[in-house]
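Grab a pencil and work through a few exercises on reading a protein model. Try each task yourself before you look at the solution.

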Amino acid sequence: MISFQKVTKIYQSDDRAITALKDVSFEIQPKEFVSIVGRSGAGKTTLFRLLMAEEKLTEGEIFFEGQDVHQIPFGKLPLFRRKIGAIFQDYKLLPSKTTYENIAYIMEVIGISEEEIAKNVPQVLELVGLGERAHNFPEELSGGERQRAAIARALVHRPDLILADEPTGNLDPFHTQDILKLLLRINEMGTTVVLATHNKEIINSLQRRVITLEQGQIIRDEAEGKFILS
Amino acid sequence: MFITLRRIIKSGWAGFRRNSGLSAAAIFITVLVISLATFLFLFRGASQAVIKNLEEKVDMYIYFNEELSSNDLLEIQDELSKISEIRNIEYVSRDEALKNFVLRHNDDEALMESLEELGKNPLLASLNVRAWEASQYAAISNFLANSSFNNLIAKIDYQEKKSVIGRLDSIIFNMSRIGIILGIILAAVAILVTFNTVRLTIYNSKEEIETMRLVGASNGFIRGPFIVQGIIVGFFSSLITLLIFGISLFFLSPSLKLLLQGFNMFHYFISNLAVIFSIQLASGVGLGLLSGWIAIRKYLRV
C-alpha cells in the first residue's frame, strides 16, 4: 500500500543543510498497524509530511496504492489526500468553525449528502467523547478535547489510511487508552493505521510492527517491536 | 454541483457573520472606495452640467452693413446654418435690436436721452450665432473672414469675446483633465487599499487555508467562501454608500445648487440611481472578488 524507496529529505537553513530523512526505505501492507517511533526531531513528522505531499522530496520515491505521490498533479492532490485521514500533532482544526463543522467539513468536501453528515458526525463525536462540545469553537476546547476533535475528523470519512502523528500527546491515560482502542478497532475493520509516537507504554502495549527512526535513518524495523532507543 | 455551491455560500455567510470585526473593517474600507467611485461619477455629471451651462451663455453676433435688406440677410442665415459647427442661428433685425436695447437700458436715462437726440436707429441688423462648443467660435469666425459675403459684414464681436471664450475653453479642458487624473489616482489608491485590506484579512486565514488543502479540499471549495464573503461585503458596502450619498445630497443639494449654477445634484443622483448603484456594486464586488482571488492564491500552494 505504501512504499518509501530511498527517501532523503534535506532542509536548507541559512548556509546549513539539515538532513531530516536519509535513505529511508520501507513498505506497509494494506490493513497493517505500524508504529513509527523515535525521539523528537528523528524525522517522524517529516515522513508524514512527505507522504501527504505537503513537502517536496530531496531524493527517492514514495508510492501510495501504486501511485507515485510526488508525481500527482497539483490539481489532483485533494483527491489523493481524501484517501488519508490525518491526525496532526498541532491538531490543525479550523478556528472559525465549530467542532461539528470541523468534522463535517471533510464530508462536505467529498460531497456527501447533508442527511449522511447529520447521521455520521454526531456518532463520531460521541465515539471520541465530544458529544457535548459539538457547537464549541476550537479555542473553547481543552488541549485533549482538540486532539479528540482532530481524531474524529480523521476518522469520519472512513479513509483507506490513517496517519496519526502523536495522537495521544495531550491526552490523560484514560483517554489515551480509549483512543488506542479506537485506532485498533478501526484497523481491525480494515483501515491501515500508521502511528507516530514517542510514548513507550503505548508501543509496548500494542505488540504490533514498529519502525524505529534515529537521526533520520531507520535503525530497526520489527514485526512485533518494542520501544527501544539507543 | 448545487450542493457544493450551497455549502460554499453557507460557509461564506458564516465566515462573514463570525468574523464581524474583520467584516466591519472590510465594509468600512469598501465604503470609502465606493464613495470615491460615486464621487467621481457625480463630479463628472456636475462638471459637464456647469460647462454646458457656461457654453449656453456664450454666443457671437455678426453685424451687417446698413444697406443690406432683410431678404439678403435671411439668405446668408440659410447659408450659415449649413455649417456643422453652428448649433443655432437667429436673425435680429434693426428694429428688434433697438427694442432689446431699450428694454435692457431703460433705467439709464442719459443713454435713453442720447438715443432720442440721435433721432434714428443707430443699431445694425445682426445674426446671433451659437456654436456646439466654445472652441468652435474661432473656426466660424475664420469661415466668415474668408466667405463671399465678408464685405457685407460690418463687425463680428468674436474679437471682444475671444479672451472669455478662450478662458472658458481652457477651463473645460482643465476640468476634464483634472477629472481623468483624479480618477486614475483615486482608482489606484482604492485598488491598493482594498487589496491590502483583503490580503490582511486572508493572511489571518493562512493556516486555515493550508489545513483545508491538507484535508483534501479543492481550490474552488477553499476559495469559494472567501469570494462569497467579498461579494457580501461589496453588497452591504454599496447599500451603505448609496444611503450615505442619498441622505447627504438630499440636505446639501440646495446649497450645492448655488455653487453649481443651478445644477440639482440630488435630482441627478436620483435619476441616475440605477447607474450609480451598478457602479457601486461593480466596484465593491469586483474589487473584493479580484483582491480575494489574488490574495488566496498565495496560500493554495501546499
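Below are some exercises on the two chains, each with a worked solution.

This is a predicted model, so keep the ground rules in mind: local features need pLDDT of at least 70, side-chain atom pairs count only at pLDDT 80 or more, and totals for chains, interfaces and linings use all residues. Residues are numbered from 1 along each chain as written, chains are lettered from A and ligands numbered from 1 in the order written, and side-chain values use heavy atoms, with hydrogens and water left out.

**Exercise 1. Chain A as a whole**

Task: Describe the make-up and overall size of chain A.

Solution:
- Step 1: start with the secondary structure. Chain A has seven helices and ten strands (DSSP runs numbered from the N terminus: H or I with at least four residues for a helix, E with at least two for a strand).
- Step 2: check how compact the chain is. Its radius of gyration is 17 Å, close to the 17 Å from the globule rule for 230 residues, so chain A is as compact as a globular protein of that length. (The radius is taken over C-alpha atoms, and the rule is 2.2 Å times the number of residues to the power 0.38.)
- Step 3: look at the dimensions. Along the principal axes, the C-alpha trace of chain A spans about 45 × 40 × 35 Å.
- Step 4: look inside. Buried residues are 52% of the 230 in chain A (buried is under 20% relative accessible area, exposed over 50%, partly exposed in between, with a 1.4 Å probe and protein chains only).
- Step 5: place the charges. Chain A carries 28 positive and 33 negative side chains, and the centres of the two sets lie 2 Å apart. (Lys and Arg count as positive, Asp and Glu as negative; His and the chain ends are not counted. Each charge sits at NZ of Lys, CZ of Arg, CG of Asp or CD of Glu.)

**Exercise 2. Chain B as a whole**

Task: Now do the same for chain B, and set its radius of gyration against that of a compact globule.

Solution:
- Step 1: count the elements. Chain B has eleven helices and four strands.
- Step 2: try the radius. A compact globule of 302 residues would come out near 19 Å, but chain B has 31 Å.
- Step 3: check the box. The C-alpha atoms of chain B fill roughly 100 × 40 × 30 Å along the principal axes.
- Step 4: check burial. In chain B, 41% of the 302 residues count as buried.
- Step 5: check the charges. The mean positions of the 28 positive and 26 negative charges of chain B are 28 Å apart.

**Exercise 3. Two helices of chain B**

Task: Which parts of the structure do the buried residues of α1(B) pack against, and what covers those of α8(B)?

Solution:
- Step 1: check the length of α1(B). At 1.5 Å a residue, its 17 residues (2-18) should span 24 Å, and the end C-alpha atoms are 24 Å apart, which agrees. (The expected span is 1.5 Å times one less than the number of residues.)
- Step 2: find its buried residues. They include R7(B), I8(B) and F16(B).
- Step 3: find their partners. They pack against α3 (99-110) and α4 (114-127) of chain A, together with α2 (20-57) and α9 (219-259) of chain B. (Contact means heavy atoms within 4.5 Å.)
- Step 4: move to α8(B), residues 206-214. Among its buried residues are E208(B), I209(B) and M212(B).
- Step 5: the cover of α8(B) includes α2 (77-81), α3 and α5 (143-155) of chain A, plus α7, α9 and α11 (273-297) of chain B.
- Step 6: look just past the end. Right after α8(B), G216(B) takes a positive phi of about 105°.

**Exercise 4. Buried or exposed?**

Task: Are T191(A), H175(A), S35(B) and E160(B) buried or exposed?

Solution:
- Step 1: T191(A) lies in the loop between α6 and β8 (192-197) of chain A. Its relative accessible area is 13%, so it is buried. Leaving out residues up to four places away in sequence, T191(A) touches residues including K31(A), P159(A) and I186(A).
- Step 2: H175(A) belongs to helix α6 (173-188) of chain A. At 19% relative accessibility, H175(A) counts as buried.
- Step 3: S35(B) is in helix α2 of chain B. With 17%, S35(B) is buried too. Beyond four places in sequence, S35(B) touches T241(B) and F245(B).
- Step 4: E160(B) sits in helix α7 (158-204) of chain B. Its 54% makes E160(B) exposed.
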